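Please look over the structure below with attention to its charged side chains, its aromatic rings and its surface. The report that follows takes these topics in turn.

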Amino acid sequence: MGFFNDVTKKAMEAASVASDKAKGAAEVAKLKLDIAKEEREIAKNCLEIGKWFVNDYEGEIPEGVKELVDAVNASKAKIAELEASKAEENEEAEAEEAAAGKPCPICGEVSDSKFCPHCGAPMGE
């Protein structure tokens, strides 16, 4: 019986060591997650500071960030230009669609009638 007691004792010790290591690894993983969360919070806050500076700063822009602020303003102008182009494209597409009719919700065939001439499905309102 002494052999089985020794084996049981060694198995319990090994399980205890493994359990301690698993707890330690879990703690390290939790700490890493907490650190990453705080780093994301810092990045979010720095982003908000930058947005405030670019949008609301009233004084003279310091030389160190002048190029970056100019780049942001150029990007905003480009976005406004692209949004205007997108609106024009949408208007043109809607005008073409209205002239040609509506696509069938079932088969995609374009028609201006109440029922699809291809599959007979109702075209809707």
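Lys51 and Glu48 are joined by a salt bridge, with 3.9 Å between their closest N and O atoms; the term is used here for a side-chain nitrogen of Lys or Arg within 4 Å of a carboxyl oxygen of Asp or Glu. Both residues belong to helix α1, where they stand 3 residues apart, about one turn of the helix; helices (H or I, at least four residues) and strands (E, at least two) are taken as DSSP runs and numbered from the N terminus. Lys51 is partly exposed at a relative accessible area of 42%, and Glu48 is likewise partly exposed, with 42% relative accessibility. In this scheme buried means under 20% relative accessible area, exposed means over 50%, and partly exposed lies in between, as computed with a 1.4 Å probe and protein chains only.

The model is a predicted one, in which local features need pLDDT of at least 70 and side-chain atom pairs count only at pLDDT 80 or more, whereas totals for chains, interfaces and linings use all residues. Residues are numbered from 1 along each chain as its sequence is written, and side-chain values use heavy atoms, with hydrogens and water left out.

How many salt bridges does the rule give? The count comes to 5 salt bridges, including the three set out in this table.

| Salt bridge | Closest N to O | Relative accessible area |
|---|---|---|
| Asp34 and Lys30 | 3.2 Å | Asp34 33%, Lys30 45% |
| Lys44 and Glu41 | 3.4 Å | Lys44 45%, Glu41 35% |
| Lys51 and Glu48 | 3.9 Å | Lys51 42%, Glu48 42% |

Asp34 and Lys30 are 4 residues apart in helix α1 (residues 2–56), and they are therefore separated by about one helical turn. Lys44 and Glu41 also lie in helix α1, and because they are 3 residues apart, about one helical turn separates them. As to exposure, Asp34 is partly exposed, as is Lys30; Lys44 counts as partly exposed, and so does Glu41.

The aromatic rings come next. Across the whole structure, a search finds 3 aromatic pairs. Trp52 and Tyr57 make an edge-to-face pair, because their ring centres are 6.1 Å apart and their planes stand at 80 degrees. For such pairs, the rings of Phe, Tyr and Trp (its six-membered ring) must have centres within 6.5 Å, and planes under 30 degrees apart count as stacked, over 60 as edge-to-face and the rest as tilted. Trp52 is partly exposed, at 46% relative accessibility, and Tyr57 is partly exposed as well, at 32%. Together with Phe53, Trp52 and Tyr57 form one aromatic cluster.

Which residues form a nonpolar patch on the surface? Phe3, Phe4 and Val7 do, and together they have about 350 Å² of accessible area, a value from the Shrake-Rupley method with a 1.4 Å probe, in which only the protein chains shown count as cover for residues. Patches consist of residues with over 30% relative accessible area and no salt bridge, like charges being joined within 9 Å and nonpolar side chains (Val, Leu, Ile, Met, Phe, Trp, Tyr) within 5 Å. Phe3 is placed in helix α1, and with a relative accessible area of 60% Phe3 is exposed.

Finally, Ala43 has its place in helix α1 and counts as partly exposed at 46% relative accessibility. Ala43 and Lys66 are 23 residues apart along the chain, and 21 Å separates their C-alpha atoms.
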